[in-house]
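This briefing sets out the fold, the nonpolar cores, the buried charges and two serine sites of one protein chain. Please consult the sequence and the structure shown here alongside the text.

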Amino acid sequence: YTTATATGLLRIRHHRHWPSDVMTGAGIGIVGAELGTSIAHLLVGGREKAVGDDIASETPSAIGIYSVFTLPVGRYSLSGGHTLRTSTGIRTGVDGAFYWNKYIGVGGNLSFSRVNYRVDDQETSDDALRSTVVGAGPCFSWPFAKYWRLEGSFMGQYVWRSESNPDGEAGVRTEAARGLGMSVRAGLGFYVGQRVEVSLKAGYSREPGFGWGSGAFRTFAVGAATAVRL
């Protein structure tokens with residue numbers, strides 16, 4: 001952990017990675033290692049007690065931070081006959097959930113994203129699509145083992161996306177947009193302590209498009225989160 005932390009900090013210091021990239025990689029590494037360890041212990045022997053025996057029976061209400069990579073889906077029409085295709089981006093945010101029991105609750109999130117793109121299949125623009133999203137909706141949880149749980153959510157969203165003008169080209173721009181959207185997310189969580197959880201997340205979202213005929217802006221996302229149980 002010391003070596004991994006030092007490596008991550010040096011990558012940020014030398015401008016090789018964004019902090020959100022390092023956080024996502026750390027979450028994937030921790031969950032992957034713990035999942036492999038748990039499978040190994042199931043096959044060859046028991047596991048020492050790491051957290052309280054009642055961890056799975058408590059309500060999973062929590063607040064945390066997350067970071068995901070957004071993956072491109074399709075291409076979109078812009079005014080003037082141009083087309084836009086997104087490349088990989090990053091979304092970072094804060095989310096929380098309150099559960100009435102260990103299965104059902106309600107949650108909300110606030111996130112910020114930056115997505116690179118190409119116009120007319122040319123080189124990736126120096127500009128980016130930047131948006132702010134606020135969401136709320138029902139959450140679901142299933143504690144299938146002492147330290148593990150599956151989670152899911154369905155959230156309605158309100159989206160603010162800024163105007164973009166790639167490379168200053170005249171006539172090629174994406175207009176600012178505001179409107180409603182939605183997201184569906186699933187995750188696999190592991191309790192590394194009585195109050196701390198790390199998880200892998202995957203999701204799909206639909207946001208306002210880029211004008212008449214462009215369709216909704218759609219993205220898939222994969223990443224990781226760290227949360228503190230309330």
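A residue is called buried when its relative accessible area is under 20%; Ser 113, with a relative accessible area of 8%, is therefore buried. The model discussed here is predicted. Its chain has 230 residues, and buried residues make up 40% of them. The chain holds 2 helices and 9 strands.

**Overall architecture**

- Read from the N terminus, the order of elements is α-α-β-β-β-β-β-β-β-β-β.
- Of the contacts between residues at least 6 apart in sequence, 62% join residues that are at least 24 apart.
- The chain has an accessible surface of about 12200 Å², and carbon and sulfur atoms account for 63% of that area.

**Nonpolar cores**

- In soluble globular proteins, nonpolar side chains tend to be buried together.
- The largest nonpolar core in this chain consists of 9 residues, namely Tyr 76, Leu 78, Leu 84, Val 115, Tyr 117, Val 119, Leu 129, Phe 210 and Phe 217.
- Strand β4, residues 104-119, supplies the largest share of this core, with 3 residues.
- A second core, separate from that one, has 8 residues, including Val 31, Leu 188, Phe 190 and Val 198.

**A buried network of salt bridges**

- The structure contains 7 salt bridges, and a network of such bridges links Arg 149, Glu 151, Glu 197 and Lys 201.
- Glu 151 and Arg 149 form one salt bridge, in which the closest N and O atoms are 3.3 Å apart.
- Glu 151 has a relative accessibility of 18% and counts as buried because the cut-off is under 20%, while Arg 149 is buried with a relative accessible area of 5%.
- Arg 149 also forms a salt bridge with Glu 197, with 2.8 Å between the closest N and O atoms.
- Since Glu 197 belongs to strand β8 (residues 196-207) and Arg 149 to strand β6 (residues 148-161), this pair ties together parts that lie 48 residues apart in sequence.
- Both Glu 197 and Arg 149 are buried.
- Glu 151 forms a further salt bridge with Lys 201, where the closest N and O atoms are 2.8 Å apart.
- Glu 151 lies in strand β6 and Lys 201 in strand β8, so this pair ties together parts that are 50 residues apart in sequence.
- Lys 201 counts as buried, at 12% relative accessibility.

**Strand pairing around β8**

- Strand β7, residues 177-191, runs antiparallel to β8 and is joined to β8 by 10 bridges.
- β7 and β8 form a hairpin, with 4 residues between the two strands.
- Within this part of the chain, Met 182 stands opposite Arg 206 of β8.
- β8 also pairs with strand β9 (residues 217-229), in the antiparallel sense and over 12 bridges.
- Glu 197, a member of the salt-bridge network, has Ala 227 in β9 as its bridge partner.

**Two buried serines in strand β4**

- Which strand holds Ser 111? Ser 111 lies in strand β4, and at 2% relative accessibility Ser 111 counts as buried.
- The side chains of Ser 111 and Arg 91 are joined by a polar contact of 3.1 Å.
- Leaving aside residues up to four places away in sequence, Ser 111 touches Tyr 66, Arg 91, Thr 92, Gly 93, Ser 131, Thr 132 and Val 133.
- Ser 113 likewise lies in strand β4, and a polar contact of 2.6 Å joins its side chain to that of Ser 131.
- With residues up to four places away in sequence again left out, Ser 113 touches Ile 90, Arg 91, Leu 129, Arg 130 and Ser 131.
- Arg 91 and Ser 131 thus appear among the residues touched by Ser 111 and among those touched by Ser 113.
- Leu 129, touched by Ser 113, is one of the residues of the largest nonpolar core.

Key:
Residues numbered from 1 in each chain as written. Predicted model: local features only at pLDDT ≥ 70, side-chain atom pairs only at ≥ 80, totals over all residues. Heavy atoms only, no water. Buried < 20%, exposed > 50% of the residue type's maximum accessible area, 1.4 Å probe, protein only. Contact = heavy atoms within 4.5 Å. Areas by Shrake-Rupley, 256 points an atom, 1.4 Å probe, with all protein chains shown as cover. Core = buried A, V, L, I, M, F, W, Y, C linked by side-chain atoms within 4.5 Å. Salt bridge = Lys/Arg side-chain N within 4 Å of Asp/Glu carboxyl O. Pairing = 2+ DSSP bridges. Polar contact = N/O pair within 3.5 Å; in protein donor to acceptor, adjacent residues only side chain to side chain.
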